[in-house]
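These are my notebook entries on a single chain. I record below what I looked up, entry by entry.

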Amino acid sequence: MSFIAICGTGFIGVGLALALERHPRLKVSQVYTRRPVREVEHPFPEVLTNDREKLLSGCDLLVECSGDVLLASEIVAAAHQRGIPVVTMNSEFHVTVGSAFVDTGYLTEAEGDQPGSLAALNEKVTAMGFRPVVFGNIKGFLNTKPSREDMVFWSEKQGISLPQVTAFTDGTKIQIEQALVANGLGANLLRSGMMGPDSPDLEAAAKQLAEMAEEHEAGPVSDYVLNAGGPAGVFVVARHDAEQQRFLKYLKLGEGPYYFLLQPFHLCHLEMVGTIEAVLNGRQPLLNNGRKPSVGVCAIAKADMESGDIVTRALGSFVFRGETLPFEQHRDFVPIGLLQDCQLIDTIREGDRVRWDHVTVPDSLALRLFNTLLEE
């Protein structure tokens, strides 16, 4: 029996605990929360703890799925200091400071969320001889300035937190996910913010991205298609050898030269169980942010803000959204994952990227680690 510690009591953390309850070889040891234990609704309240030492004592593996960059940085650092392997479902952490942990211990994003699912799909298609041109995500709906009323409605309807549903809706989440894909799989962006073509024909739009990638000689690219009513999955557009084209035509993949390979689902915590087992069995990391990231995610104001305003948390807020950009540009622009408990020291207008001289960012392990990445 292997013992699994979980950091996080949200949708993923609770779902994973339930999935592991019936597993014959894996058992939840402790679940970490920062809230008072008695206030947390959880199917297994006996495993809840506010004690980080207790969380990490006696576990064989840590799952970090808090969605919080600052907390994840501290928890992953503590786990690595103890030689504990870490599996995450936290792309926000990876694209902000994950690269600082690649060499300090075992770290991988799990299959189940879109980045991990794309990494797993990439392994499968490259094993078959395909050469990826596009690593693609699928988004059903985008509203860069959703109303609080709408987000409260959907949060209650879907049973996920208000910040989560807001980050999904305004595009922040997909920007973060595809930044991790770019860094982890060695892909590029066609432009800051990505292209994200809006089309009812998912396959046609995906192949359009492939054409643009090759026209600009961009190498494989990380991007997405806005496709209302489409599957909640991921895709790869790839080429194959000329002598295989007649075989692929017979196998219903079309004439080529671009082949659309779709996985029409991602099942989050349920697929994460397979990653946990694979890690414990000695497999190499599926996906992390790489030692030297090329893509980051900055914060863009969704409303005018004044000097003195407090930013409790930019991710999933109604005043900021995230957008991909070259990592080098973080010398000027603050990553959205670090904008927590900050105060503005200058006016910001709607549409502005947040600069370092706009805001005071309090000291944290995450901030210090991020600065080391900029120095490399």
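**Entry 1: strand pairing**

I began with strand 14, which is joined to strand 15 (residues 359–360) by two bridges, the two strands running antiparallel. The model I am reading is a predicted one. Within this pairing I looked up Leu-344 and found it opposite Val-359 of strand 15.

I then turned to strand 12. Strand 12 covers residues 310–313 and strand 14 covers residues 340–344; three bridges join them, again in an antiparallel arrangement. Which residue of strand 14 is the bridge partner of Val-311? I find that it is Cys-342.

**Entry 2: the second largest pocket**

Next I looked up the second largest pocket, whose space comes to about 190 Å³. Its lining numbers 14 residues, and those closest to the pocket centre are Thr-312, Arg-313, Ser-317, Phe-318 and Val-319.

Which element supplies the largest share of this lining? I note strand 12, with four residues. Helix 7 (162–169) also contributes, since helix 7 and strand 12 are each listed with at least two lining residues. Strand 12 therefore appears twice in my notes: antiparallel to strand 14, and in the wall of this pocket.

I sorted the lining by class as well. Nine of the residues are nonpolar, three are polar and two are charged.

**Entry 3: cysteines**

I searched for disulfides and the count is zero. Why does Cys-342, already noted as the partner of Val-311, form none? The closest cysteine sulfur to that of Cys-342 belongs to Cys-298 and lies 15 Å away, which is too far for a bond; the cut-off I apply is 2.5 Å between the sulfur atoms. I also checked exposure: Cys-342 has a relative accessibility of 1% and so counts as buried.

I repeated the check for Cys-268. Its sulfur has the sulfur of Cys-65 as the closest cysteine sulfur, at 11 Å, and this too is too far for a bond. Is Cys-268 buried or exposed? At 14% relative accessibility I enter Cys-268 as buried, because the limit for that class is under 20%.

**Entry 4: the annotated domain**

Last, I consulted the UniProt record. The entry, which is unreviewed, lists residues 8–91 as "domain: Aspartate/homoserine dehydrogenase NAD-binding". For residues 8–91 I note 36% helix and 19% strand. The C-alpha atoms at the two ends of this range are 14 Å apart.

Definitions and conventions. Residues are numbered from 1 along each chain as its sequence is written. This is a predicted model: local features need pLDDT of at least 70, side-chain atom pairs count only at pLDDT 80 or more; totals for chains, interfaces and linings use all residues. Side-chain values use heavy atoms; hydrogens and water are left out. Two strands pair if DSSP finds at least two bridges between them. UniProt positions are given in the numbering used here, feature names are shortened, and annotations may be inferred rather than shown by experiment. On a 1 Å grid over the protein atoms alone, a cavity is a set of points where a 1.4 Å probe fits but cannot get out, and a pocket is an open set with protein on both sides within 12 Å along at least five of seven lines; lining residues have an atom within 4 Å of a point. Grid points are joined across faces, edges and corners, and a volume is the space filled by probe spheres set on the points. Ala, Val, Leu, Ile, Met, Phe, Trp, Tyr, Cys and Pro count as nonpolar, Asp, Glu, Lys and Arg as charged, and the others, Gly among them, as polar. Buried means under 20% relative accessible area, exposed over 50%, partly exposed in between (1.4 Å probe, protein chains only).
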